[in-house]
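Biologist: Could you take me through how to read burial, strand pairing, ligand contacts and backbone angles in a model such as this one?

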Amino acid sequence: PQRREDIVPRSHTASDEHSNDNSLTALRDEAADCRACALWKDATQTVFGEGPKQASVMMVGEQPGDKEDLAGKPFVGPAGQMLDKALKEAGIVRDKVYVTNAVKHFKFVPRGKFRLHQKPATPEIKACRPWYEREKALVQPELVVAMGATAAQSVFGKIVPVGKTRGRVIDLEDGTRVLVTVHPSYLLRLPDEDARLREYANFVADLRIVAAHLS
Ligand code: URA
């Protein structure tokens with residue numbers, strides 16, 4: 001006969017408490033079916049975090065972009081190339097860090113043949129936060145790096161100003177150590193070359209602080 005558990009539908013929410021699997025792969029599989037907000041409807045797939053389970057550093061971005069949505073991997077598009085370059089310059093091997101996003105589905109509006117990135121709204125950030133929390137609980141990083149306002153909002157659980165918090169290690173009440181910095185896309189959007197070079201150097205300087213936490 002069918003057991004009761006078999007006929008209970010699986011809960012498609014980010015805070016599914018029925019799972020007792022503690023591996024990242026199982027968590028990723030669970031997130032693939034996430035329906036905690038409406039973003040799954042138009043996105044190609046859930047883009048889950050990637051990197052070693054033992055990583056001492058967890059880097060958090062905003063949400064997958066067009067390229068990430070198609071590839072199913074975080075930070076593989078233009079922002080990812082900027083991140084890779086800066087990590088290298090700071091002496092960080094990307095494969096040694098765990099890279100994820102605050103929101104795991106691509107939010108966009110169609111414009112002709114393009115899909116224009118849209119900033120995630122607070123309800124979407126909140127709905128997705130349990131995935132970040134569960135990733136963090138499994139990876140147990142020494143340092144979480146919040147890149148940009150959306151990541152900082154998810155990591156702190158509230159809106160925090162990036163400009164005032166960036167560049168120093170902050171201890172949260174739950175024991176999480178956080179370093180806030182800018183999002184690599186911000187560097188790509190800066191209109192003039194001087195600002196780009198200056199902000200890139202500041203980003204690399206933040207990443208050098210991160211490098212000191214790598215083990
Ligand atoms: N921007 C992000 O915040 N994350 C990605 O994965 C790609 C671009």
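Modeller: Let us begin with a residue in a helix: Val210 has its place in helix α9, which spans residues 193-211. Please keep in mind throughout that this is a predicted model.

Biologist: Does Val210 count as buried or exposed?

Modeller: The label rests on relative accessible area, where buried means under 20% and exposed means over 50%. Val210 has a relative accessibility of 0%, so it counts as buried.

Biologist: How far apart in space are the C-alpha atoms of Val210 and Val145?

Modeller: Their C-alpha atoms are separated by 7.7 Å, although the two residues are 65 residues apart along the chain. That takes us to strand β5, since Val145 is one of the residues that point to one side of it.

Biologist: How should I read the surroundings of strand β5 as a whole?

Modeller: One looks at the burial of each residue in the strand and at the side to which each one points. In β5, which covers residues 143-147, five of the five residues are buried, and therefore the strand is largely enclosed by the rest of the structure. Leu143, Val145 and Met147 point one way, while Val144 and Ala146 point the other way, and all of them are buried.

Biologist: Which strands pair with β5, and in what sense?

Modeller: Strand β1, residues 57-61, runs parallel to β5 and is joined to it by four bridges; within that pairing, Val60 has Ala146 of β5 as its bridge partner. Strand β7, residues 177-181, also pairs with β5 in the parallel sense, over four bridges, and here Val145 has Leu179 of β7 as its bridge partner.

Biologist: Turning to the ligand, where does it sit, and which residues surround it?

Modeller: The ligand sits in the largest pocket. The residues around the ligand include Gly61, Glu62, Gln63, Pro64, Phe75, Asn101 and His183.

Biologist: Which polar atoms of Gln63, Asn101 and His183 should I look at beside the ligand?

Modeller: For Gln63 it is a polar backbone atom, 2.9 Å from a nitrogen atom of the ligand, whereas for Asn101 it is an N or O atom of the side chain, 2.7 Å from a nitrogen atom of the ligand. For His183, a polar side-chain atom lies 2.6 Å from an oxygen atom of the ligand. As for cover, the ligand on its own has 240 Å² of accessible area, and the protein covers 94% of that.

Biologist: What is there to notice in the backbone angle phi of Phe75?

Modeller: Most residues other than glycine have a negative phi. Phe75, however, has a phi near 50 degrees, a positive value in a residue other than glycine. Phe75 belongs to the loop between α3 (66-71) and α4 (78-89), and its relative accessible area of 5% means that it is buried.

Biologist: What do phi and accessibility look like for Gln140?

Modeller: Gln140 has a positive phi near 50 degrees, and it too is a residue other than glycine. Gln140 lies in the loop between α5 and β5, and with 62% relative accessibility it counts as exposed.

Biologist: And how should I read Thr122, which is found in helix α5?

Modeller: Thr122 has a relative accessible area of 32%, so it is described as partly exposed. The helix in which Thr122 is found covers residues 122-139. From C-alpha to C-alpha, Thr122 and Ile159 are 9.2 Å apart in space, and they are 37 residues apart in sequence.

Terms used. Residues numbered from 1 in each chain as written. Predicted model: local features only at pLDDT ≥ 70, side-chain atom pairs only at ≥ 80, totals over all residues. Heavy atoms only, no water. Buried < 20%, exposed > 50% of the residue type's maximum accessible area, 1.4 Å probe, protein only. Helix = DSSP H or I, 4+ residues; strand = E, 2+ residues; numbered from the N terminus. Pairing = 2+ DSSP bridges. Near = heavy atom within 4 Å. Polar contact = N/O pair within 3.5 Å; in protein donor to acceptor, adjacent residues only side chain to side chain. Areas by Shrake-Rupley, 256 points an atom, 1.4 Å probe, with all protein chains shown as cover. 1 Å grid on protein atoms, 1.4 Å probe; cavity = no way out; pocket = protein on both sides within 12 Å on 5 of 7 lines; lining within 4 Å. Sits in = over half its atoms within 2 Å of the grid points.
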